[in-house]
Amino acid sequence: MDSTTTDRFDTSRFEASRNRLASLAYRLLGSAADAEDAVQDAFLHWQAADRQRIKVPEAWLTKVVTNLCLDRLRSARARRERTAGAWLPEPLLDGDPMLGPADSFEQRESVSLAVLTLMERLSPLERAVYVMREAFSYSHAEIAEILDITESASQQHLHRARRRITAARRGGGEVDPAAARRVVEEFLAAASSGRTERLVALLTDDATAISDVAGLAEKLLRYDTPQRIAAVVRAGFKPTPAKRRLAGGTPAIHYALVNGAPAILFVIGDQVIGAVTFDITGGKIATVRGIAAPTRLVRLTEAWRQHGPDTPLISQW
């Protein structure tokens, strides 16, 4: 086999692992853009390596991507961004290969916006162990080899990660899709009509709302009472000429699933200009996230453009 054929063969081996590596990196970083960068860096490492000496390419690539992600999580820049109160996970439209694997509840939950946010409370090693064990079912022996730690250390990191996430998690189990859609449609109807009392009734007593203010503010805005959330939602959902000018037109509002959770998308043409996602527990809304920063919607918009046409909940907002 000549060098050109060998390079082509080795490139195809890497490409066969790309989606899995991107899924791993996305769970570790919470950003699709950063995950893509990490995978591309891993490809450069793969090209530069003596590939004849790599016995198990999948394990080697997993280790490289994991360590690249840990380097990013430990960097001064990442610490500044993630502690400044302006960080949110990047939302992905259901069906995006970066969300896989998704066969078990644990795998699907590990990529939810709720758990991706909670993982910010973990140390980089705890986060890595949690993701590899819960989402990819690696054994503690395999995790220890990838992270250069002992098996007992891997077990301890997993125990601490599970304890911290369980303590902070709100609700449990999966929500019936049809029931979730009904709650979201009721929320949208109440928000659009100005019925703030109905909005309050749809929220849990400890509901939280978070907005990235379209990336225009240094910090996220947070609201922590149903009454305050209802007032803010009502004001935000009331269309005005100024809002339409700022949006660049009159959006349609579509129902969608984002990271496995119900969401509504504001769409102009084929461009998603905003997403509102919901965490639902006990038939009520526990968390509302408003995401409109263009940098957080790039990959979601790309996926939406491949999305089949559907009937919007509101055709002209």
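**A tour from the sheet to Trp317**

Select helix α12, residues 226-237. This helix lies across β1 (203-211), β2, β4 and β5 (271-281). Against β1, α12 runs at about 45°. Keep in mind that the model is predicted.

Next, select α14. This helix packs on the sheet too, where α14 touches β3, β4 and β5. The direction of α14 makes about 100° with that of β5.

Now show the strands alone. The sheet is open and has 6 strands. Trace them in the order β2-β1-β6-β5-β4-β3. The pairing is mixed. Strands of a sheet pair through backbone hydrogen bonds, in a parallel or an antiparallel sense.

Which strands stand at the edges? Colour β2 (221-223) and β3 (252-258) to see them. Each has a single partner strand, so one side of each is left without a neighbour in the sheet. Neighbouring strands of this sheet are turned by 20° against each other on average, with direction ignored.

Stay at β3. Add its partner β4, residues 261-268. The two pair in the antiparallel sense, over 7 bridges. To find one of these contacts between strands, pick Val258; its bridge partner in β4 is Ala261.

Move on to Trp317. Look in the segment after α14 (298-305). Is this residue buried or exposed? Trp317 is buried: its relative accessible area is 9%, and under 20% counts as buried.

Expand the selection around Trp317. Neighbours within four places in sequence aside, its contacts include Gly236, Phe237, Lys238 and Pro239. Lys243 and Arg244 are also among them. So are Thr250, Pro251, Ile253 and Phe266. Then draw a distance from Trp317 to Thr240. The two are 77 residues apart along the chain, and their C-alpha atoms are separated by 9.3 Å.

Turn on the aromatic rings. Phe187, Phe237, Phe266, Phe278 and Trp317 form one aromatic cluster. Two of its members, Phe237 and Phe266, also appear in the contact list of Trp317.

How many aromatic pairs does the structure hold? The count is 7. For one pair, go to Phe136 and Tyr138. Their ring centres are 6.5 Å apart and their planes stand at 35°, so the pair is tilted. Both Phe136 and Tyr138 are buried.

Last stop: Trp46. Show Arg51 with it. The charged end of Arg51 sits over the Trp46 ring, 6.0 Å from the ring centre.

Key:
Residues numbered from 1 in each chain as written. Predicted model: local features only at pLDDT ≥ 70, side-chain atom pairs only at ≥ 80, totals over all residues. Heavy atoms only, no water. Helix = DSSP H or I, 4+ residues; strand = E, 2+ residues; numbered from the N terminus. Buried < 20%, exposed > 50% of the residue type's maximum accessible area, 1.4 Å probe, protein only. Contact = heavy atoms within 4.5 Å. Pairing = 2+ DSSP bridges. Axes fitted to C-alpha atoms, helices over the stretch in contact; angles between N-to-C directions. Phe/Tyr/Trp six-rings, centres within 6.5 Å; stacked < 30°, edge-to-face > 60°. Lys NZ or Arg CZ within 6 Å of the ring centre and 35° of its normal.
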